[in-house]
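Here's a walk through one structure, meant for someone seeing it for the first time. Have a look at the picture, then read on.

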Amino acid sequence: MTAPRVFPVNVEPCPHDVLLGDGLLDRIGELAAQVTAPAVAAVVSDDNVAALYLEPVLRSLREHGFDPLAVVVPAGEGSKCVATCELLWARFAAAGIDRHGAVFALGGGVVGDLAGFCAATWMRGVAVVQVPTTVLAMADAAIGGKTGVNLPGGKNLVGAFHQPHRVIADVATLATLSRRDVAAGLAEVVKCALLEDRAALGRLAAAAADLLAARPAALLDAVSLGAAVKVGIVTEDPHERSGRRALLNLGHTVGHALESVAGYGALRHGEAVAIGLVAAARVAAARGLAPEGLVGDVARTFEALELPVALPPGTDHAAIVAATRLDKKSRGGVRRMVLPLADGGAALHDVDDAELLAALA
Ligand SMILES: NC(=O)c1ccc[n+]([C@@H]2O[C@H](COP(=O)([O-])OP(=O)(O)OC[C@H]3O[C@@H](n4cnc5c(N)ncnc54)[C@H](O)[C@@H]3O)[C@@H](O)[C@H]2O)c1
């Protein structure tokens, strides 16, 4: 068995590490016991993931002295709500999870955000170990300590920063994701390449067949790229105060607008982000901030990964432009987008309607 790749996250009040590897699920108990004393623990998962991976996790935790209780919620964004939190808190109470207890979040970003938030609020904060099982969660959502749930009025409106004691990601679990879900998660990895490692765009395109076939070695490299960039950025700006963390929003201004105009669920989040990343590269190239060739490099990478690069036919471009004004980065009604720069970095820029319309055309 090869040793996991280790990414230290030096943030207070809970410096920890992200472990990425192939075959880590059977070692969860051993790896968790290194960072939190074995105790009563809740393993929160959704029904899809639980059917596949709950048993080995419970077994491994028991073998290493934990007393785990499984809490399984229905799969999907609908579970990321206050009513599910009440259910989780009631189960924590019944199981006797005290301040020394631990919560394991076994699943995608929905489970990670939900279980992380319940851990942040239970007894004013108990240990959480994130065990992500989607590409998006391994490369992005499980890292950085953002937790939260949705309200009827909007996504992620209630939340807390709560750093995990450890993130343990086993790329072998990605084999049971659909090809489309693997591809969608990789859009965030492409974003990370655009932010900090442009040479990786070509490597991702070259590895596309292996990535889409969920070959562990290829996925480990891709997820490591995403995790390294996210760890670096959240370490510099753990509470989203300096503006550095906002760069992770590259591609999301148009992506979120497209999700809301097309209707949530019509496109995967990653598919909308892919279209948004191409649009951001076009705006940057049209302004002379980024080389013209960057647009082609990004589009070719997405095409290799079977991701869309343009708005679906029939999309109302003006509606997308209007929806981007509601983006949380807007100031005084002026749209601000993260744009990729020639030197390999990215920065926030004001973008007017005409520029964005031209980039979407
Ligand atoms: N906290 C953060 O920083 C952050 C960052 C980005 C996104 N998010 C959040 O993440 C959520 C999206 O996460 P997601 O894309 O992982 O979605 P998800 O958690 O809903 O998972 C997608 C689907 O895949 C299934 N699944 C998960 N792992 C599987 C596996 N290994 N095999 C088979 N099926 C599996 C799930 O049951 C679900 O049906 C959103 O709520 C978003 O707001 C949070």
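Start with helix α4, which lies across β3, β5 and β6 (127-132) and runs at about 170° to β5. Keep in mind that what you're looking at is a predicted model.

So what is the sheet like? It's an open one of 7 strands, in the order β1-β2-β9-β6-β5-β3-β4, and the pairing is mixed. At its edges sit β1 (5-9) and β4 (67-73), each of which pairs on one side only. Going from one strand to the next, the twist averages 15°. Helix α2 packs on this sheet too, touching β3 (40-46), β4 and β5 (102-107), and its direction makes about 160° with that of β3.

Two antiparallel pairings can be set side by side:

| Pairing | Bridges | One bridge or opposite pair |
|---|---|---|
| β1 and β2 (residues 16-21) | 5 bridges | V6 with L19 |
| β7 (residues 146-151) and β8 (residues 154-161) | 5 bridges | T147 opposite A160 |

For β7 and β8, the link is a hairpin that gets from one strand to the other through 2 residues.

Now for the ligand. Which residues come nearest to it? Of the 28 around it, they are N48, G108, G109, V110 and T134. The elements giving two or more residues to this shell are α2 (47-63), α4 (109-121) and α5 (135-141). Sorted by class, the shell holds 10 nonpolar, 11 polar and 7 charged residues.

That brings back two helices from earlier: α2, which packs on the sheet, and α4, which lies across β3, β5 and β6, both give residues to the shell around the ligand.

Technical notes: Residues are numbered from 1 along each chain as its sequence is written. This is a predicted model: local features need pLDDT of at least 70, side-chain atom pairs count only at pLDDT 80 or more; totals for chains, interfaces and linings use all residues. Two strands pair if DSSP finds at least two bridges between them. Helices (H or I, at least four residues) and strands (E, at least two) are DSSP runs, numbered from the N terminus. A residue is near a molecule or strand if its C-beta atom, placed from the backbone, lies within 6 Å of it. Ala, Val, Leu, Ile, Met, Phe, Trp, Tyr, Cys and Pro count as nonpolar, Asp, Glu, Lys and Arg as charged, and the others, Gly among them, as polar. Axes are lines fitted to C-alpha atoms, for helices over the stretch in contact, and angles run from 0 to 180 degrees between N-to-C directions. Two residues are in contact if their C-beta atoms, placed from the backbone, lie within 7 Å.
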